[in-house]
Amino acid sequence: MQVETFDIQGPLLITPKVFADERGHFFESFSKELFKQHGISMDFVQDNQSLSHQGTLRGLHFQAPPFDQGKLVRVSRGTVIDIIVDIRKSSPTYGQNITVELSDTNFKQLWVPPGFAHGFSVLENHTIFQYKCTNYYNKSSEGGVIYNDPMLNLDWRITNPIVSEKDLLLPQFNDFISPFN
């Protein structure tokens, strides 16, 4: 397993060791022991999966404390542009973002700790996106930031995205009050 850090403290990009031959491939997508060695010692309590069509954009979402979630995300079919934004008010990188491509061919996984808004855009039809979460979903703690905020200037690599009505109502970053210190 290869683990990469970013200029923003907390998130990790994880690439598992893939064993491939004429039959296909095999890899461990999660090992509690290996992840703990790299600082991810939280317990995962819920797995989620979404199927999306090309051009779909989901996010930017988070859950506020005490229901905040860490997420280990990956793509098992297709390709996405995954973006996280630091929403920890006391962080020196508050408002900064990380963008990574996750796909079924690069096998990369992104660890998104609590304190980040998360979203992704879908580059291929029938993309399957998987989340391992450290807390249960709680509707009353949902929050987010609008995906096309001009201050954040995020490059989702799609035009005319398919966005839910709920996501279109999210506030801009400057109007948003972060629940994370």
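This section describes a five-stranded sheet, two nonpolar cores and the surroundings of Leu72 and Gln46 in a predicted model.

The open sheet contains 5 strands in the order β9-β8-β11-β6-β13, and their pairing is antiparallel. Its edges are formed by β9, covering residues 97–103, and β13, covering residues 142–144, each of which pairs on one side only. On average, neighbouring strands of this sheet are turned by 30° against each other, with direction ignored. Strands of a sheet pair through backbone hydrogen bonds, in either a parallel or an antiparallel manner. Within this sheet, strand β8 (residues 79–86) and strand β11 (residues 116–122) run antiparallel and are joined by 7 bridges. One of the residues involved is Asp86, whose bridge partner in β11 is Phe116.

Nonpolar side chains tend to be buried together in soluble globular proteins. In this model, the largest nonpolar core comprises 21 residues, and Leu60, Val85 and Ile87 have the most contacts inside it. Strands β6 (57–63) and β8 each supply at least two residues of this core. A second core, separate from the largest one, has 17 residues, among them Val80, Val100, Phe120 and Val122. When residues up to four places away in sequence are not counted, Ile87 touches Phe62, Tyr94, Gly115, Phe116, Ala117, Phe173, Phe176, Ser178 and Phe180. Phe116, the bridge partner of Asp86, is thus listed among the contacts of Ile87.

Leu72 is found in strand β7, which spans residues 71–77. Leu72 counts as buried because its relative accessibility is 2%, under the 20% cut-off for burial. Not counting residues up to four places away in sequence, the contacts of Leu72 are Ile14, Ser29, Phe30, Phe35, Phe44, Gln109, Leu110, Trp111, Gln130, Tyr131 and Lys132. Phe180, a contact of Ile87, is 108 residues from Leu72 in sequence, and the C-alpha atoms of Leu72 and Phe180 are 19 Å apart in space.

Gln46 is found in strand β5, which spans residues 46–52. The side chain of Gln46 is joined to that of Asn48 by a polar contact of 2.9 Å. With residues up to four places away in sequence not counted, Gln46 touches Tyr131, Lys132, Cys133, Asn135, Tyr136 and Tyr137. Tyr131 and Lys132 are contacts of Gln46 and are also touched by Leu72.

Note on methods
Residues numbered from 1 in each chain as written. Predicted model: local features only at pLDDT ≥ 70, side-chain atom pairs only at ≥ 80, totals over all residues. Heavy atoms only, no water. Pairing = 2+ DSSP bridges. Helix = DSSP H or I, 4+ residues; strand = E, 2+ residues; numbered from the N terminus. Axes fitted to C-alpha atoms, helices over the stretch in contact; angles between N-to-C directions. Core = buried A, V, L, I, M, F, W, Y, C linked by side-chain atoms within 4.5 Å. Buried < 20%, exposed > 50% of the residue type's maximum accessible area, 1.4 Å probe, protein only. Contact = heavy atoms within 4.5 Å. Polar contact = N/O pair within 3.5 Å; in protein donor to acceptor, adjacent residues only side chain to side chain.
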